[in-house]
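Please read the following note beside the sequence and the three-dimensional view. The points are numbered so that each may be checked in turn.

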Amino acid sequence: MCYHPSGIFLMHGGEFSSPKQSTFHHYSDTWILDSTNKEWSKIDNKKGPSSRSGHRMTVWKNYILLHGGFRDLGTSTTYLDDLWLFDITTYKWEQVGFPPTHSIPDARSGHSFIPTDEGAIIYGGYCKVKAGRGLQKGKILTDCWELIMKSDTKQIRWERKRKQGFQPSPRVGCSMQYHKGRGLLFGGVYDYEETEETLDSEFYNTLMSYNIETNRWYTLSLRSAKLKKIANKKEKINRDKELEDMLNSILAKANLNDDEIDEESEAAAFAEKEKRLNKADGDDDDDDDNDNDNANDSAAPAYEIVSQMPHPRFNAVTCVLDDTLYIYGGMFEHGEQEFNLDSFYAVDLSKLQGVKVFWEDLSELENMKDSDDEFDDDDEDDDEDDDDDEDGPTDRKLVAEDDDEEEEDEQEEVEPEIPDPRPYLPHPKAFETLRAFYIRTGAEFLSWAISQNKDARGKVLKSYAFDLCEERWWERRDQVRIEEDALEESGVTDVIEKDFSKSTKRR
């Protein structure tokens, strides 16, 4: 499924499997769910995508894009490389055609497909290749492609992204989610030993980010709280108002104040800014400290915060809302056993200072580990018996017939520095919150806003300056984290925000 900002969800295809998997088929129907009235409507699909599973969808302007997927034919599996557009203004599907000489991504399913301003990004995925007569072997893809969209659909093109710097190890079942100019990837699985009878796999619980602008990957790790918060909420507001007065004086000198000051509108804009600053600071409390708020806070459940990422898994459901990554469910395998994990977590992307656990039931996995301990001795006896059965049937390792390594571009050495697309803008400091960054650089961002918006005035300019400051803080977040990690390794654990308005002496 895919959501479009116009308020509709689009669902196409999928699969059905009976409990014993004796019956299996793919769907080819298209449905729309209206988010306002919660009603489904079926779309005429005579010229739409074929039946499939494992495809991916994303959004670009008035289109919902669909790519790839697979069809299981019973004896073999067919993977798809087609690209379809669903126009939300006409409710019609259109397949995108490419020139015969134009390179396109290989057929795949289970890949990542995230939106960009120019189109979309595809990363990774899974397919199967021949591995002997009547056999297929799984292949995990690690390539990255950018889809360049055009209003004239005949001009749409694919462009392969060159690998550079650090790259994630191969994995599948870890679709990315878009967040402020980057893709966030969690978990996944890699099958490193596949035979006719068995499959050995490694499962991950790492969190990684892909910077769309610089085409680079970074690992995001949890960290302990380093920054000492300002103790008094009123002191926060006072410092914000001091900055607000400074911005107003800059506008007054430039003769760019609003002709008529709407106090209610000003107050609403200030409140909205405070809300966004509080969220980035990890403080979601309201400004009003009345008894009702206190009562509500005490009634709210206190969720546990843990200092480690959730148990390794693949195919977890993830989404990003208000700078928070949510992780639900997923699957884990042990031998021939398959576990559907019942758990729900949240990670604050601005802090990365722990994982909030809404609920977590890993009892099945714990029981599995207990039973493994009981049979350890039996396994040793079995190994001795296996030595006597060398003349018996063997479990043949699958080797792909065309499993040649992809032609990789030369990779650069891992660079600690992340290229800055806008070096002319102020840069956040290590451990600096969005609030502290805004207070320090708000005047510079306002000056930049004035130079770039000749016809704007007053609150519009201040709003633009704050939006630009917030965007810049997130834009350089990965680079700042590298600096913070280096400081932490050298023993720095706390950074105190100094108030330079108060003169103090240190001896």
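1. Surface of the chain. In this predicted model, the protein chain has an accessible surface of about 29100 Å². Carbon and sulfur atoms account for 46% of that surface. Of the 507 residues of the chain, 41% count as buried.

2. Overall make-up. The protein chain contains 8 helices and 27 strands. When contacts between residues at least 6 apart in sequence are considered, 62% of them join residues at least 24 apart.

3. The largest nonpolar core. Which residues have the most contacts inside the largest nonpolar core? They are Leu207, Phe445, Leu446 and Leu461, in a core of 34 residues. Both strands and helices give two or more residues to this core: the strands are S18 (182–194), S23 (324–328), S26 (342–348) and S27 (355–361), and the helices are H1 (233–253), H6 (434–452) and H7 (458–475). As general background, nonpolar side chains in soluble globular proteins tend to be buried together.

4. Leu461 and the second core. Apart from its neighbours within four places in sequence, Leu461 is in contact with Leu251, Leu256, Leu446, Ala449, Ile450, Asn453 and Ala456. A second core, separate from the largest one, has 18 residues, among them Ala107, Tyr126, Leu141 and Phe332.

5. Tyr210. This residue, Tyr210, belongs to strand S19 (residues 199–211). Is Tyr210 buried or exposed? Tyr210 counts as buried because its relative accessibility is 1%, which is under the 20% limit. Beyond its neighbours within four places in sequence, the contacts of Tyr210 include Ile121, Cys144, Met176 and Trp217. Asn215 is another residue in contact with Tyr210, and the two side chains are joined by a polar contact of 2.6 Å. Gln167 is 43 residues away from Tyr210 along the chain, and the C-alpha atoms of these two residues are separated by 9.6 Å.

6. Glu146. Strand S15 (residues 136–148) holds Glu146. A relative accessible area of 11% makes Glu146 buried. The side chain of Glu146 makes a polar contact of 3.3 Å with the side chain of Lys161. Leaving out neighbours within four places in sequence, Glu146 is also in contact with residues including Thr116, Glu118, Ile121 and Trp158. Two residues in contact with Glu146, Ile121 and Lys161, are likewise in contact with Tyr210.

7. A nonpolar patch on the surface. Val317, Tyr328 and Trp359 form a nonpolar patch on the surface, and together they have about 300 Å² of accessible area. Trp359 is located in strand S27, one of the elements that give two or more residues to the largest core. Trp359 is described as partly exposed because its relative accessible area is 39%, a value between the limits of 20% and 50%.

8. Salt bridges of Glu484. The structure holds 14 salt bridges. One of them pairs Glu484 with Arg223, with the closest N and O atoms 3.6 Å apart. Why does this pair tie together parts that are 261 residues apart in sequence? Glu484 lies in helix H8 (residues 477–489), whereas Arg223 lies in the loop between strand S20 (216–220) and H1, so the pair ties together those parts. Glu484 counts as buried at 2% relative accessibility, and Arg223 counts as buried at 9%. Glu484 also forms a salt bridge with Arg481, the closest N and O atoms being 4.0 Å apart. Glu484 and Arg481 both lie in helix H8, 3 residues apart, about one turn of the helix. Arg481 counts as buried at 5% relative accessibility.

9. Arg472, Glu475 and their network. The side chains of Arg472 and Glu475 form a salt bridge, with an N to O distance of 2.7 Å. Both residues lie in helix H7, and they are 3 residues apart, about one turn of the helix. Arg472 is buried, with a relative accessible area of 0%, whereas Glu475 is partly exposed at 22%. A network of salt bridges links Arg472 and Glu475 with Asp420, Arg422, Glu471 and Arg476.

Note on methods
Residues are numbered from 1 along each chain as its sequence is written. This is a predicted model: local features need pLDDT of at least 70, side-chain atom pairs count only at pLDDT 80 or more; totals for chains, interfaces and linings use all residues. Side-chain values use heavy atoms; hydrogens and water are left out. Helices (H or I, at least four residues) and strands (E, at least two) are DSSP runs, numbered from the N terminus. Buried means under 20% relative accessible area, exposed over 50%, partly exposed in between (1.4 Å probe, protein chains only). Contact means heavy atoms within 4.5 Å. Accessible areas come from the Shrake-Rupley method with a 1.4 Å probe; for residues, only the protein chains shown count as cover. A nonpolar core is a set of buried Ala, Val, Leu, Ile, Met, Phe, Trp, Tyr and Cys residues joined through side-chain atoms within 4.5 Å. A polar contact is a pair of N or O atoms within 3.5 Å; within protein, one must be able to donate a hydrogen and the other to accept it, and residues adjacent in sequence count only if both atoms are side-chain atoms. Patches are made of residues with over 30% relative accessible area and no salt bridge: like charges are joined within 9 Å, nonpolar side chains (Val, Leu, Ile, Met, Phe, Trp, Tyr) within 5 Å.
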